[in-house]
Every structure is written in C-alpha cells, then in structure tokens.
Amino acid sequence: MAAPSRLLIRGGRVVNDDLSQVADVLVEDGVVRALGRDLLPPGGAPAGLRVLDAAGKLVLPGGIDTHTHMQFPFMGARSVDDFHQGTKAALAGGTTMIIDFAIPQKGSSLIKAFETWRSWADPKVCCDYSLHVAVTWWSDQVKEEMKILTQDKGVNSFKMFMAYKDLYMVRDEELYAAFSQCKEIGAIAQVHAENGDLIAEGAKKMLALGITGPEGHELCRPEAVEAEATLRAITIASAVNCPLYIVHVMSKSAAKVIADARRDGKVVYGEPIAASLGTDGTHYWHKDWHHAAHHVMGPPLRPDPSTPDFLMNLLANGDLTTTGTDHCTFNTCQKALGKDDFTKIPNGVNGVEDRMSVIWEKGVHSGKMDENRFVAVTSTNAAKVFNLYPRKGRIAVGSDADIVIWDPKATRTISARTHHQTVNFNIFEGMVCHGVPLVTISRGKVVYEAGVLSVTAGDGKFIPRKPFAEYIYKRIKQRDQVKSEKRILLFPSLLSVVSPWRNRPHFNSPRCF
Ligand SMILES: [Zn+2]
C-alpha cells in the first residue's frame, strides 16, 4: 500500500447535491482538508503534493452503490464478481463505496451471516463498504440479534424478502414483527417487494403451458405482483410508523405506488437500479436464449419500453430517492442451469461499474436532471438514508476523500469486452454514454486514472453505520411525540364523543351483543 499522499485537485467544478462551485480541493490523509480558490502556494507544489488538473471537468463525490451481491451463493451458483473484482469494477466506474447484503438461511444466525460476509469482504475490498443484513425468518433470537447488530456491529438496515418462497420469503406477520423491531432499534426496513405466493403459482402455470424459456420469468411475475407487495409493505410499515426502503424498483406500477405513498406523507424511499433505468424486459423474448437469460433478475425488467424513462423522471423529481444496481453476476454457463426451466436460471445482472455513466447518459445528458440531482441520487441521498453523511456523499472539509474527476463531455461505449466486471456479458452492451470517470480517488488515494486501476485488496474498509439516521428518524420521532401528546390532549374530548352513544337507550341492552 502506497503511503497516504497529499493531493490537490485544481480548478474543477466541485459538485455537491445543493451547489456547484469552481474550487480547488486539498486532500490529506484520506480526507478533504481544504476547499476553496487558489489553494496552490505561489511557489508551486511543495514536495509530496501531487496536483491533479481538473479544469473544465467536474469534481464529484464518489458514487455509493446501495445494492450489490458480490460472491453471493445463490440458486446453485455463486456470483462471479467477488469483493475484489467487484469493487475494482466499481472504482473504474466512479463508485467508491458499495453496500452489500449478508443473507442468512432460514433458521440460522444473522450475526453469523454478518461475520461470514465480513470475512469474505475484508481481505478483498478495494473500496469502502458496508453491509445490510437480511431477516429471512423470525424468532426471539432474530429480534435480539437485530439489536446487537445495530448496537455493536454498525448495521442500521435490514432487508426482508416478500418473494423467494420457502427460501427467504417472510409472511406479513413476520414483516410486522421485523418492522416493529427496526423501529425500536432505529434501523430502516428494506423490502424486496414481490408477492412470492403468486410467483410460485404463476411459475407452475407457465411450466404447465410448456413455457420454459426466460420469457416465462417475466410472465409469471407481472407488474401487479410487484405493485401489490409494494403497497402491502408500505401499509404494514405505516401501521408501526417504521421508515421503509423499497429495493430495486423495477416497474412503473410499483414506482407509482411509492410516489402516491410519499404524497400521503409516508416515510418511504424507492431505489431504482441501473438495470431498470437503463434497459428493459423486451430482451426476455430475444431469439438467443443466453442473451435473454443474462437479463433474468428478480423482480424482472419490464417489457413496457417506456419504463426506464418513467423511472428516471421520478428519480429526477424526487419521487424516487437513491440508486443501486443489484449487481449479482452469473456467467453464461451458470445461467445455463436453467436451460430447460426458467425457474432455475440464477437471478442477477451487472451494473456496479456502469451505474454512474448510465444515469449520467439517461438522466443528465437527456436533460431530465442536473448535475446536482445526479450527485444526490448517486451518493448523497444514500449517505443520508444509511447514516453516512456527510462523511460520504459530499465534498466538504472533513469528508472522506472519495472523489471522482468526471468528464461530462467524453463518451465511452459499454461492452463486456472492455469492462472490469468479471462476468462475460453486459446488459448495457453497446450503449454509448456521455459522462466518463477520468480519475477515481478512494480515501485520498488515486486508484483509477487514464483507464488504469492501481488498487490493493483489503485497502477498502468496513464502514459502520449508527442507528436513528436523522434524515429519516427526525420525522418519525416527531410524529410519535405529537401522536402521544395528542392522545393525552384528546382523551377528554374523546370521552365526550363517546358519551352520547353511551346514553343511547339501547347502548347497554343485551340485544346489541
Ligand atoms: Zn438484491
């Protein structure tokens, strides 16, 4: 590992979610030390200070990918991007932090799963990372472990699956219990929102009809299956006043449910992913089976080709909040496990390297959002929701020096032949993207420059996250407080509302009961 260096990023346009300004950024010991005009001493750069010219370029907070599955054992395979290759690819694409998922089997310990994922990631990661933990079953032990993970292990987000019946799926009463515990310990509840029972029935029906190809994957889980579960999760979370985060929003219907709930004042956040913003589900009908299978993920991409634009508009105007990728990559030979039966195709697509460029191209270059909103949806909002802000998601004095020098005018063509992801396929193949990361800086170290990576496995660090993120919990706490005050104030008047009924002649009559 190279000694921590001093860097001066000169003359770029520093973009935060609320402001863009031309400024120099001085980086020392992995953090931003100074931000302002003309930070270079008049005599030139002193020894030990490296100057990076960013004139005419943007200087952005490094991306935070809220949703990855590196080296995930799933559906009889293991995703091929491990924590080393996956985080290298992230850095090459301008992402400097990932949040992955520790997922226990039903009946096993959450803490053990967390420790297992840490043991996989710690020696390999090239950028900072954190872990969400999944709740795949319910018991007093699970409840207690959620508390320990939050208090001692730096976990403030728990994901529940409403799909993957018999594997990870939990029922409504378990969701209710898990949401209640999230609220108690100050975590945010996350859900994979799809109706697992309907999917299981739909899959049987498709196979009985002789539909065994990848198109069956979408046909057995249409949009309504995602929208219904999204609404159900919001209803349950709302019943216990627990903040809720819907991972991988894939359809217009589900996005509309989230937008409506937010207009109703619900504390709910939606996360579209690079795949749902950058491509669509027409690929499931591609004549090449492998091509189609490489797009299989859950929930599926939607065949309605207006979906990506619709989701991008909602992301631009604030109905949707963050962006991840659900990066979970399987090679062609692994996808072939389902060659005779679409239910056996390992679910997952790429995106960790592509997300920033895809969102710049489809979001900023298209004119749907500006550079500040781009920063909000690619890093700042994630940092706020998951309580990493302003250490991450902002370029300010004291923040971690996770920075990207970004060329908004340059273009690159995404291809599996040139990408740094291990997987032998790219769902964005051939897409020409404006917005190219020129230099990526991770904790003050230049790790990617002019197309060349210089990383060391294990240089990334696990970033613990504290509970009760202000960005989400200020409102929740205030609502609880006002509600309890109201209850006390309203109690006498409530009595008077009830009492006239009490006086009705038949009120105590046995006939009424
Ligand atoms: Zn996922």
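Select Gly-318 to begin: this residue, just after helix α11, takes a positive phi of about 100 degrees. The model in the viewer is a predicted one.

**Helix α11**

Step back from Gly-318 and select residues 307–317, which form α11. Display the side chains of Thr-307, Pro-308, Leu-311, Met-312, Leu-314 and Leu-315, the buried residues of this helix. They are on the same side of α11, because the arc they cover around the axis is only 160 degrees. An α-helix has 3.6 residues a turn, so residues three or four places apart point the same way. To see what covers the buried residues of α11, add β13 (244–249), α8 (252–263), β14 (268–272) and α9 (274–278), then α13 (355–365) and α14 (371–385), all of which are included in that cover.

**Two cis peptide bonds**

Next, select the loop between α10 (289–293) and α11, where Pro-299 has its place. The peptide bond that joins Gly-298 and Pro-299 is cis, with omega about -10 degrees. A cis peptide bond also joins Tyr-389 and Pro-390, where omega is about 0 degrees. To find Pro-390, select the loop between α14 and β15 (403–413).

**Two aspartates with positive phi**

Go now to the loop between α11 and α12 (332–335), which holds Asp-326. Although Asp-326 is not a glycine, its phi is positive, about 55 degrees. Is Asp-326 buried or exposed? Its relative accessible area is 8%, so Asp-326 is buried.

For a second case, select Asp-29 in the loop between β2 (20–28) and β3 (31–36). Asp-29 is likewise not a glycine, and has a positive phi of about 50 degrees. Its relative accessible area is 53%, and Asp-29 is therefore exposed.

**The largest cavity**

Return to Asp-326, which is among the residues nearest the centre of the largest cavity, together with His-69, Phe-72, Phe-74 and Tyr-164. The volume of this cavity is about 140 Å³, and 17 residues line it. By class, the lining has eight nonpolar, seven polar and two charged residues. A search of the whole structure gives four cavities of 30 Å³ or more.

**The largest pocket**

Keep Tyr-164 selected and turn to the largest pocket, which holds about 370 Å³ of space. Of its 18 lining residues, Tyr-164, Lys-165, Ile-199, Arg-221 and Thr-343 are the closest to the centre. Which helix supplies the largest share of this lining? Select α5 (residues 196–208): six of the lining residues come from there. The lining divides into ten nonpolar, four polar and four charged residues.

**Gln-181 in helix α4**

Now select α4 (residues 172–185) and pick out Gln-181. Gln-181 counts as buried because its relative accessibility is 6%, under the 20% cut-off. Beyond its neighbours within four places in sequence, Gln-181 is in contact with Trp-138, Lys-143, Met-146 and Lys-147.

**The whole chain**

Finally, display the whole protein chain, which has 15 helices and 18 strands. Its radius of gyration is 24 Å, close to the 24 Å given by the globule rule for 513 residues, so the chain is as compact as a globular protein of that length. The C-alpha trace spans about 95 × 60 × 45 Å along its principal axes. Of the 513 residues, 58% count as buried. Among contacts with a separation of 6 or more, 77% are between residues 24 or more positions apart.

Conventions:
Residues numbered from 1 in each chain as written. Predicted model: local features only at pLDDT ≥ 70, side-chain atom pairs only at ≥ 80, totals over all residues. Heavy atoms only, no water. 1 Å grid on protein atoms, 1.4 Å probe; cavity = no way out; pocket = protein on both sides within 12 Å on 5 of 7 lines; lining within 4 Å. Points joined across faces, edges and corners; volume = space filled by probe spheres on them. Nonpolar A, V, L, I, M, F, W, Y, C, P; charged D, E, K, R; others polar. Buried < 20%, exposed > 50% of the residue type's maximum accessible area, 1.4 Å probe, protein only. Helix = DSSP H or I, 4+ residues; strand = E, 2+ residues; numbered from the N terminus. Arc of directions from axis to C-beta. Contact = heavy atoms within 4.5 Å. Rg over C-alpha atoms; globule rule 2.2 N^0.38 Å.
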